[in-house]
Amino acid sequence: MKLKFFITGGTICKRYNEISGALEFRDSFIPGMLERGRCKLDYSTEQLMLKDSLEMSDEDRQTILASCIACEESKIIISHGTDTMVDTARVLGANLENKTVVLVGAMIPYSISNSDANFNLGCAVTAVQLLGAGVFVVMNGHIFRWDDVSKNRGEGVFQRADL
């Protein structure tokens, strides 16, 4: 089994700019995280974009969907910003068949102390191997189906949509 990682940006890939004080993108941390985590699976990574998910457009979501459809792998992990992760999951869930897709991100950038990024990515790697076909959001130790997930902005967590 070979895994495909599509990198789209999000907080997980941001770093603190000491001069401006802003969080910004330079490159993705995902390949390095997998290496440091000693991931021995057969995988490849592809950077589709580096965007804050609040800046993602419908066209960006179509690019992600087209990339999932076109790739030969049936097990896919997408690193994504948490603010609109659910929106992208809905587009993918309504249009993909016969693939297992896991969207994952972080509430705190990987580059900052006490980030949830490593834990979330590790959970996503395990989940994509065990789940059947479908689209899922994996955050904070939970697995959610694309049609039953929401982000609780007040608590900074993902939860079932009906809660």
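Biologist: Which residues have the most contacts inside the largest nonpolar core?

Modeller: Remember that this is a predicted model. A nonpolar core is a set of buried residues such as Val, Leu, Ile, Met and Phe, joined through side-chain atoms within 4.5 Å. Here the largest one has 24 residues, and F5, I30, M33, I77 and V102 have the most contacts inside it.

Biologist: Which elements give two or more residues to this core?

Modeller: They are β1, α1 (30-36), β6 (100-104), α4 (117-130) and β7 (134-139). The largest share, 6 residues, comes from α4.

Biologist: Let's look at M33. What does M33 touch, leaving out residues up to four places away in sequence?

Modeller: Look for I12, Y110, A117, N118 and L121 around M33.

Biologist: And what lies apart from the largest core?

Modeller: Another core, of 22 residues, with M85, V135, V137 and V149 among them.

Biologist: Now the sheet, please. In what order do the strands come?

Modeller: Strands of a sheet pair through backbone hydrogen bonds, either parallel or antiparallel. In this model, 6 strands form an open sheet, ordered β4-β1-β5-β6-β7-β8, with mixed pairing. At the edges are β4 (42-51) and β8 (142-145), each pairing on one side only. From one strand to the next, the twist averages 20°.

Biologist: How many bridges join β1 to β4?

Modeller: There are 7, and the two strands run parallel. For an example, find I7: its bridge partner in β4 is Q47.

Biologist: Where does helix α2 pack?

Modeller: Helix α2 (residues 58-70) packs on the sheet, where it touches β1, β4 and β5 (75-79). The direction of α2 makes about 165° with that of β4.

Notes. Residues are numbered from 1 along each chain as its sequence is written. This is a predicted model: local features need pLDDT of at least 70, side-chain atom pairs count only at pLDDT 80 or more; totals for chains, interfaces and linings use all residues. Side-chain values use heavy atoms; hydrogens and water are left out. Two strands pair if DSSP finds at least two bridges between them. Helices (H or I, at least four residues) and strands (E, at least two) are DSSP runs, numbered from the N terminus. Axes are lines fitted to C-alpha atoms, for helices over the stretch in contact, and angles run from 0 to 180 degrees between N-to-C directions. Contact means heavy atoms within 4.5 Å. Buried means under 20% relative accessible area, exposed over 50%, partly exposed in between (1.4 Å probe, protein chains only).
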